[in-house]
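Let's take a walk through this one together, one spot at a time. Have the sequence and the 3D view ready so you can find each residue as it comes up.

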Amino acid sequence: MIAEIVQVGTPVLRMRAAELTREQLLSPPVQELIEVMRDTMRSAPGVGLAAPQIGVGLQIAVIEDLADYLAEIPAEELELRGRRPVPYHVIVNPVITLGEQKRTFFEGCLSLEGFSGVVERALSVKVECWDEHGEPKVIEAEGWYARILQHEIDHLFGTLYIDRMNTRTFTSVKNLQRYGRRQS
Ligand code: ZN
């Protein structure tokens, strides 16, 4: 099943999502929700989706960066972004620690359809969370994967990329394609 992705202005996108207990996480409705999130992310398509984006205020996000998505992007752009395939996985109740180094790139969001802006993010992060089975995980990520994690975890705390972007770079995706993806 595929859910509707809510757009900016929907109040749930601005709320702190609730942490889950293991019992809640393992309950059939939440397990089903995670499957809906996965299918919705793939159908969008997107490289990440947080529960608030389908109107659910719970601290769950799904992430997947498929080799297929990377196939049409020039190798040097992938290299610049540190973008590599990331297998499907689920993060629950995450706590994120940001590395010192920063990188600045255009990014977009399925809840701000058709727009993009330049956002400075940490190059590397450490995320402590659970997987969908309630097993504790520690993720050490770099490059684009680290950016996806920061973006999705922001969603769980009511933050959107527009809160962090350089506002003068805000653009429609159409114009980004028309005038080029200039990097800062
Ligand atoms: Zn987003």
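What follows goes from the metal site to the pocket, then to the rings and a few backbone details.

First, a word on what you are looking at: this is a predicted model. With that in mind, start at the zinc ion. Three residues coordinate the zinc ion: Cys109 through SG, His151 through NE2 and His155 through NE2, at 2.0 to 2.3 Å. If you trace these donors along the chain, their spacing reads C-x41-H-x3-H. Cys109 sits in the loop between β4 (102–107) and β5 (115–122), while His151 belongs to helix α5 (residues 143–155), so this pair ties together parts that are 42 residues apart in sequence. Are Cys109 and His151 buried or exposed? Both are buried.

Now look at the largest pocket, where Cys109 turns up again. This pocket holds about 1000 Å³ of space. Its lining counts 32 residues, and the closest to the pocket centre are Arg83, Glu107, Gly108, Cys109 and Trp144. Several elements chip in: α4 (75–81), β4, β5, α5 and α6 (173–179) each supply at least two lining residues. Which of them gives the most? That would be α5, with five residues. As for the chemistry of the lining, it divides into 15 nonpolar, eight polar and nine charged residues.

Trp144, which we just met by the pocket centre, also leads us to the aromatic rings. A pair of aromatic rings is described by the distance of the centres and the angle of the planes. The model has two aromatic pairs. In one of them, the ring centres of Phe105 and Trp144 are 5.8 Å apart and the planes stand at 65 degrees; angles over 60 count as edge-to-face, so that is what this pair is. Phe105 lies in strand β4 and Trp144 in helix α5, so here too parts of the chain are tied together, this time 39 residues apart in sequence. Both Phe105 and Trp144 are buried.

Phe115 and Phe170 make up an aromatic pair that is stacked, with 5.1 Å from centre to centre and 15 degrees between the planes. This pair links distant parts of the chain, since Phe115 is in strand β5 and Phe170 in strand β8 (residues 165–172), 55 residues apart. Phe115 counts as partly exposed, at 36% relative accessibility, and Phe170 is partly exposed as well, at 35%.

Rings can have arginines over them too. Arg22 lies over the face of Trp130, 4.1 Å from the ring centre, and Arg42 does likewise over Tyr88, at 5.3 Å.

Let's finish with the backbone. Most residues other than glycine have a negative phi, and most peptide bonds are trans. Against that background, two places are worth a look. Ala44 and Pro45 are joined by a cis peptide bond, with omega at about -10 degrees, and Pro45 is found in the loop between α2 (28–43) and β1 (48–50). Then there is Asn93, which is not a glycine but has a positive phi of about 50 degrees. Asn93 lies in strand β3 and is buried, with a relative accessible area of 12%.

Strand β3 (residues 86–98) also contains Val86, which is buried at 6% relative accessible area.

Key: Residues are numbered from 1 along each chain as its sequence is written. This is a predicted model: local features need pLDDT of at least 70, side-chain atom pairs count only at pLDDT 80 or more; totals for chains, interfaces and linings use all residues. Side-chain values use heavy atoms; hydrogens and water are left out. Donors are N, O and S atoms within 2.8 Å of the metal (3.2 Å for Na, K and Ca); water is not among the atoms, so sites may look incomplete. Helices (H or I, at least four residues) and strands (E, at least two) are DSSP runs, numbered from the N terminus. Buried means under 20% relative accessible area, exposed over 50%, partly exposed in between (1.4 Å probe, protein chains only). Rings of Phe, Tyr and Trp (its six-membered ring) pair if their centres lie within 6.5 Å; planes under 30 degrees apart count as stacked, over 60 as edge-to-face and the rest as tilted. A charge sits over a ring if NZ of Lys or CZ of Arg is within 6 Å of the ring centre and within 35 degrees of the ring normal. On a 1 Å grid over the protein atoms alone, a cavity is a set of points where a 1.4 Å probe fits but cannot get out, and a pocket is an open set with protein on both sides within 12 Å along at least five of seven lines; lining residues have an atom within 4 Å of a point. Grid points are joined across faces, edges and corners, and a volume is the space filled by probe spheres set on the points. Ala, Val, Leu, Ile, Met, Phe, Trp, Tyr, Cys and Pro count as nonpolar, Asp, Glu, Lys and Arg as charged, and the others, Gly among them, as polar.
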